[in-house]
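Hi,

Here is the structure I said I'd pass on. Have a look at it first, and my notes on the helices follow below.

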Amino acid sequence: IVPQGTTELNMFGSIAAFEAGQRMAKVFATSTLVPESYHNNIGNCMIALNLAQRMKSDPLMVMQNLVIVHNKPTFEAKFAIACFNATKKYSPIRYKEIGEKGKDSYGMYAYAFDLKDGTVLKGPEITIKLAKGEGWYQRNKKWETMPELMLRYRAASWFIRTTDPGVMMGFQTS
């Protein structure tokens, strides 16, 4: 199933690998440490295991940070930030505030330095006005109660998607 000298398993590469993947998925499906959407759901567990393998990430970390938004798998922004920072291709993500706090102009953008040449990589500016225009503000009360955190998460998500989309394999972030 697995080439000698490696621990990598393509669960969808053969019937034997698929069966091995199901055995691994059963462990997670019976655990109370995984989010509820994986409880007694071998299919969800196998898909999460496949994602973890492709991302070279820990399966439990993937399961704890993968959420479904509008029927689409989405990663939480904090997980995307951790994955981006772990590439070691860039400095850790930093943020620059813009506009005036308490106003629709308030916002921020994320940035990092390319560690090969020191280039500053700047992401799109995210403002409260943009959040309102996109409907994020109205759908999630946290935009009102903790706007700085929400701006950081959205700025980082857009920065990652525009700077190195391969980090999250094209997945959206929440």
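Let me start at lysine 56: this residue comes right after α2 and has a positive phi, near 55°. Before going on, the usual caveats: this is a predicted model, with local features needing pLDDT of at least 70 and side-chain atom pairs counted only at pLDDT 80 or more, while totals for chains, interfaces and linings use all residues. Residues are numbered from 1 along each chain as its sequence is written, and side-chain values use heavy atoms, leaving out hydrogens and water.

Back to α2 (residues 42-55): its 14 residues should span 20 Å at 1.5 Å a residue (times one less than the number of residues), and the end C-alpha atoms are 20 Å apart, which agrees. Its buried residues (under 20% relative accessible area, 1.4 Å probe, protein chains only) include Cys45, Leu49 and Met55. The buried set packs against α1 (15-29), α3 (59-65), β1 (66-69), β2 (72-75) and α4, where contact means heavy atoms within 4.5 Å.

How do α4 (residues 77-86) and α8 (residues 147-163) pack, and at what angle? The angle is about 45°, with the axes 9 Å apart. That makes α4 oblique to α8 (oblique being what is left after under 35 degrees, over 145, and 65 to 115 are taken out). On the α4 side, Ala77, Lys78, Ala80, Ile81 and Phe84 meet Tyr153, Ala156, Ser157, Phe159, Ile160 and Thr163 of α8. By type, that contact has eight nonpolar residues, two polar and one charged.

In α8, the buried residues include Ala156, Ser157, Phe159 and Ile160.

Cheers

Terms used:
Axes are lines fitted to C-alpha atoms, for helices over the stretch in contact, and angles run from 0 to 180 degrees between N-to-C directions. Helices (H or I, at least four residues) and strands (E, at least two) are DSSP runs, numbered from the N terminus. Ala, Val, Leu, Ile, Met, Phe, Trp, Tyr, Cys and Pro count as nonpolar, Asp, Glu, Lys and Arg as charged, and the others, Gly among them, as polar. Buried means under 20% relative accessible area, exposed over 50%, partly exposed in between (1.4 Å probe, protein chains only).
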